[in-house]
Amino acid sequence: MNTELLGQDKNVVKIKVNFEADEFVDGLKKALRELSRDLNIPGFRRGHAPRKVIEMRVGRDALYNETLEKLLSNAVPQILEDYDLETIDQPSLLSAGDIREGQPVSCELSFEVMPEVKLPEIGEIEVEKVRTDVTDDMLEKLIDRLRRDRSSLNPVERPVEVNDVVTVTFRVRVLEEGAEETAPRKNEIDLADENVRPAIREALLGHSIGDVVETEFDVEPDYQDKKVAGKRIHYTMTLESAVERVLPELGEAFYKKLFGDETEVLTEEAFRSKMRSDLAASLERENGDDAALRALEELVRRSELEVPVSMIKREAATLRRRDEQEAKERYGMELHQVLGPKNDHWEQDYLKILDTRAENLVRRTLVLNAVAKKYDVGIEQEDVEAELKRRASLYGIDRNSLAAYFYKNEKAMEQLTNEVYQDKVLRQVLSLVKVREVAELSVPQKEIKEGQPQEQR
């Protein structure tokens, strides 16, 4: 086999591939053997049907095309290596001349390769990074959350108080003409949770099991349930049960339950010191991640590249599948049911937004890959192990159990590896730009943060 570079137009490379006559004959013999094994031809044992019978069954042209396809499949890896091509997808067969046994066979392949990315002077980019300051109030909220996560729940018969968890059966009615009340549904409400609507909490406080309470409130226009978004609704709740949340006392038993029996944290002073240190490290990472994403946003804006339409289409298809899955999981509805009720042109509008989301994500991916290539950023096994250790500590679970889950789940491990890779490249970007620590982000930096797509955050 020999090849010839015919030319390149943007990110499409055309290459001519020539096979010698004996190469094609050898490939044809191999194809015949495989077809003979695979085809079930009456009167012949598998693998013993003669060529003429196989040709009659599949056709000579189909046999030749099968042979050429297998030859090209074996040749492509060598072509990619010879021309140092980083492809986006499988090559396309543009043309093939008349195939005649005993003569050389030529064809033309089209390779869609990664587009060129011209990075700017990264050192000229400046971003702000919020200074990491751990306040006493932040520390107390963290300790309270840790205690609440390990609290016990005891039934009570007194009127409901603010730290109780209650179970209610509720019905909802939209306050508009013709609206009907929903069927009764049961829900558990932690009254101390800051996400509980104040109107619901206030309506329940002081009531006892069996009481029926009512309240009304306005729902935000951007609320996830489109049926009630932007409307005033009436809640009717029957208090079914109530339990009191009992927080564990700070002490040696609590510290050992939290950190393990071998922990050296045995006093409240040591515990608070460790919590402050852990919180500072967590905030430092969070602020660093935020600054890195804003640095990437500016880097993408200054970089020169042309995003291939094919990459945008593939990414858009992936995003749509994700949106459809989220619509089913979150709302129990099809995507058109979530977006369409009040918009007859929902699909047209959605596709425009989808293409923009896809292009932005592809552009960022290409820039990140260009940075990784230029600065030789890759991931090693130790990077994955470090992330596993970090997550185990963050979620308070056993590291070996977490690792076993990822190593048994191929898709989860692939996603973890991609996240570790992206994080490492972002850290590289942050190390190259100018970073200025501030107490609060300036308006321009806030605008960059708000402009980042949800998929990237």
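Here is a short tour of this structure, stop by stop, for you to follow in your viewer.

Before you click anything, know that this is a predicted model, where local features need pLDDT of at least 70, side-chain atom pairs count only at pLDDT 80 or more, and totals for chains, interfaces and linings use all residues. Residues are numbered from 1 along each chain as its sequence is written, and side-chain values use heavy atoms, leaving out hydrogens and water.

**Stop 1: an open sheet**

Select β1 (2–9) and β3 (92–96). They belong to an open sheet of four strands in the order β1-β2-β4-β3, with antiparallel pairing. (Strands are DSSP runs of E, at least two residues, and helices are runs of H or I, at least four residues, numbered from the N terminus; two strands pair if DSSP finds at least two bridges between them.) β1 and β3 each have a single partner strand, so they stand at the edges with one side left without a neighbour in the sheet. From one strand to the next, the twist averages 25 degrees.

Now add strand β2 (residues 12–19), which runs antiparallel to β1 and is joined to it by seven bridges. Click T3, and you'll find its bridge partner in β2 is V17.

**Stop 2: two crossing helices**

Next, select helix α1 (residues 21–38) and helix α3 (residues 60–83). How far apart are their axes? The distance is 9 Å, and the helices pack at an angle of about 110 degrees. (Axes are lines fitted to C-alpha atoms, for helices over the stretch in contact, and angles run from 0 to 180 degrees between N-to-C directions.) α1 and α3 are therefore roughly perpendicular, the label for angles of 65 to 115 degrees.

Show the side chains where the helices touch: from α1 these include F24, L28 and L35, and from α3 they include L63, Y64 and L71. Contact here means heavy atoms within 4.5 Å. The contact residues divide into nine nonpolar, two polar and three charged. (Ala, Val, Leu, Ile, Met, Phe, Trp, Tyr, Cys and Pro count as nonpolar, Asp, Glu, Lys and Arg as charged, and the others, Gly among them, as polar.)

**Stop 3: an enclosed strand**

Jump to strand β7 (residues 164–174). Nine of its 11 residues are buried, so β7 is largely enclosed by the rest of the structure. (Buried means under 20% relative accessible area, using a 1.4 Å probe and protein chains only.)

β7 pairs antiparallel with strand β10 (residues 232–246) over 11 bridges, and with strand β8 (residues 185–190), also antiparallel, over six. Try clicking V168: it stands opposite L239 in β10, while in β8 its bridge partner is N187.

**Stop 4: aromatic rings**

How many aromatic pairs does a search of the whole structure find? Nine. (Rings of Phe, Tyr and Trp, using its six-membered ring, pair if their centres lie within 6.5 Å; planes under 30 degrees apart count as stacked, over 60 as edge-to-face and the rest as tilted.)

Select F217 and Y235: their ring centres are 5.4 Å apart with planes at 45 degrees, so this pair is tilted. F217 sits in strand β9 (residues 212–218) and Y235 in strand β10, 18 residues apart. F217 counts as buried at 9% relative accessibility, and so does Y235 at 16%.

Finish with Y255 and F271, a stacked pair, 4.9 Å centre to centre with 20 degrees between the planes. Y255 lies in helix α6 (residues 252–259) and F271 in helix α7 (residues 268–302), so the pair ties together parts that are 16 residues apart in sequence. Y255 is buried at 1% relative accessibility, and F271 is buried at 0%. Add F254 and F259 to your selection, and you have one aromatic cluster with Y255 and F271.

Notes
Parallel < 35°, antiparallel > 145°, perpendicular 65-115°, else oblique. Buried < 20%, exposed > 50% of the residue type's maximum accessible area, 1.4 Å probe, protein only.
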